[in-house]
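This report describes the fold, the charged pairs and selected contacts of one protein chain. The sequence and the structure are shown first, and the description follows.

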Amino acid sequence: MSDIEARISALGHTLPDAPAPAANYVPFVVTGKHLFVSGQISNGPDGLICGKLGADLTTEEGAKAAETCALALLAQAKAATGDLSKVARLVKLVGFVNSTPDFTDQPKVINGASDLMVAVLGDAGRHARSAVSAASLPLGVAVEIEAIFELA
């Protein structure tokens with residue numbers, strides 16, 4: 001178990017299996033020293049986390065949904081590298097929030113993923129980021145997040 005996986009466990013989380021792609025794309029691409037991970041949707045132990053922020057879910061529930069996306073991103077990073085210790089840093093997250101037109105707390109929702117990444121990667125988890133609203137997301141999920149990692 002890598003130090004990163006130990007920190008995930010210490011935080012009370014379990015690294016899920018890397019989700020299979022749902023359409024005609026690959027879950028990740030490694031090019032040079034960069035790992036691009038396709039968007040991971042909010043999915044917890046009880047299944048997909050669906051709903052619209054500002055109508056069905058609170059900002060706090062959205063942040064928890066974003067946290068599940070971060071765990072899936074790390075699972076994909078492990079699948080791509082074989083060992084999370086090969087991740088040098090998180091470069092960027094792009095987060096999409098399924099929300100009502102008047103919802104404006106997208107950054108607070110995506111903080112669920114950002115906070116987890118910093119908690120498990122330390123300073124190497126500090127990253128550039130976008131947090132945007134979407135009228136809808138695949139399968140009605142609340143959050144989808146993609147990532148770019150730098151490899152050691």
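Helices and strands are here taken as DSSP runs, of at least four residues for helices (H or I) and at least two for strands (E), numbered from the N terminus. With the elements named in this way, Ala135 falls in the loop between β6 and β7. The model is a predicted one.

## The sheet and the helix packed on it

Five strands make up an open sheet of mixed pairing, and their order is β1-β2-β7-β5-β6. At its edges stand β1 (28–31) and β6 (128–134), each of which pairs on one side only. From one strand to the next, the twist averages 15 degrees. Helix α2, which spans residues 59–81, packs on this sheet and touches β1, β2 (34–41), β5 and β7. The direction of helix α2 makes about 40 degrees with that of β7.

Strands of a sheet pair through backbone hydrogen bonds, in either a parallel or an antiparallel sense. Strand β5 (residues 87–98) and strand β7 (residues 143–151) run antiparallel and are joined by 9 bridges. Within this pairing, Leu93 has Ala147 of β7 as its bridge partner.

Strands β1 and β2 also pair in the antiparallel sense, over 4 bridges. The two strands form a hairpin with 2 residues between them. Gly32, in the turn, has a positive phi of about 60 degrees.

## A nonpolar patch at the hairpin

Val29 is located in strand β1 and stands opposite Phe36 in β2. Together with Val26, these two residues form a nonpolar patch on the surface, with about 240 Å² of accessible area in total. Val29 counts as partly exposed because its relative accessibility is 42%, and the limits of that class are 20% and 50%.

## Salt bridges

Side chains of opposite charge can pair when their charged atoms come close. The structure holds 4 salt bridges, among them the three listed below.

| Salt bridge | N to O distance |
|---|---|
| Lys78 and Glu5 | 2.9 Å |
| Lys64 and Glu67 | 3.9 Å |
| Lys108 and Asp105 | 3.9 Å |

Which parts of the chain does the pair of Lys78 and Glu5 tie together? Lys78 lies in helix α2 and Glu5 in helix α1 (residues 3–10), so this salt bridge connects parts that are 73 residues apart in sequence. Lys78 is partly exposed, at 29% relative accessibility, whereas Glu5 is buried, at 15%.

The pair of Lys64 and Glu67 lies within helix α2, where a spacing of 3 residues separates the two by about one helical turn. Lys64 is exposed, with a relative accessible area of 55%, while Glu67 is buried, with a relative accessible area of 17%. In the pair formed with Lys108, Asp105 counts as partly exposed at 25% relative accessibility.

## Selected contacts between parts distant in sequence

Leu11 belongs to the loop between α1 and β1. With a relative accessibility of 43%, Leu11 counts as partly exposed. Its contacts, leaving out residues up to four places away in sequence, are Leu116, Ala119 and Val120. The C-alpha atoms of Leu11 and Val120 are 8.5 Å apart in space, although the two residues are separated by 109 residues in sequence.

Is Ser114, a residue of helix α3 (residues 106–121), buried or exposed? With a relative accessible area of 7%, Ser114 is buried, because the class takes in values under 20%. Apart from residues up to four places away in sequence, Ser114 touches Leu93, His127 and Arg129. Leu93 is the residue whose bridge partner in β7 is Ala147.

The loop between β6 and β7, in which Ala135 is placed, offers a further case. Ala135 counts as exposed at 68% relative accessibility. Ala135 is in contact with Lys52 and Asn98, once its neighbours within four places in sequence are set aside. Ala135 and Ser99 are 36 residues apart in sequence, with a C-alpha to C-alpha distance of 6.2 Å.

Note on methods. Residues are numbered from 1 along each chain as its sequence is written. This is a predicted model: local features need pLDDT of at least 70, side-chain atom pairs count only at pLDDT 80 or more; totals for chains, interfaces and linings use all residues. Side-chain values use heavy atoms; hydrogens and water are left out. Two strands pair if DSSP finds at least two bridges between them. Axes are lines fitted to C-alpha atoms, for helices over the stretch in contact, and angles run from 0 to 180 degrees between N-to-C directions. Contact means heavy atoms within 4.5 Å. A salt bridge is a side-chain nitrogen of Lys or Arg within 4 Å of a carboxyl oxygen of Asp or Glu. Buried means under 20% relative accessible area, exposed over 50%, partly exposed in between (1.4 Å probe, protein chains only). Patches are made of residues with over 30% relative accessible area and no salt bridge: like charges are joined within 9 Å, nonpolar side chains (Val, Leu, Ile, Met, Phe, Trp, Tyr) within 5 Å. Accessible areas come from the Shrake-Rupley method with a 1.4 Å probe; for residues, only the protein chains shown count as cover.
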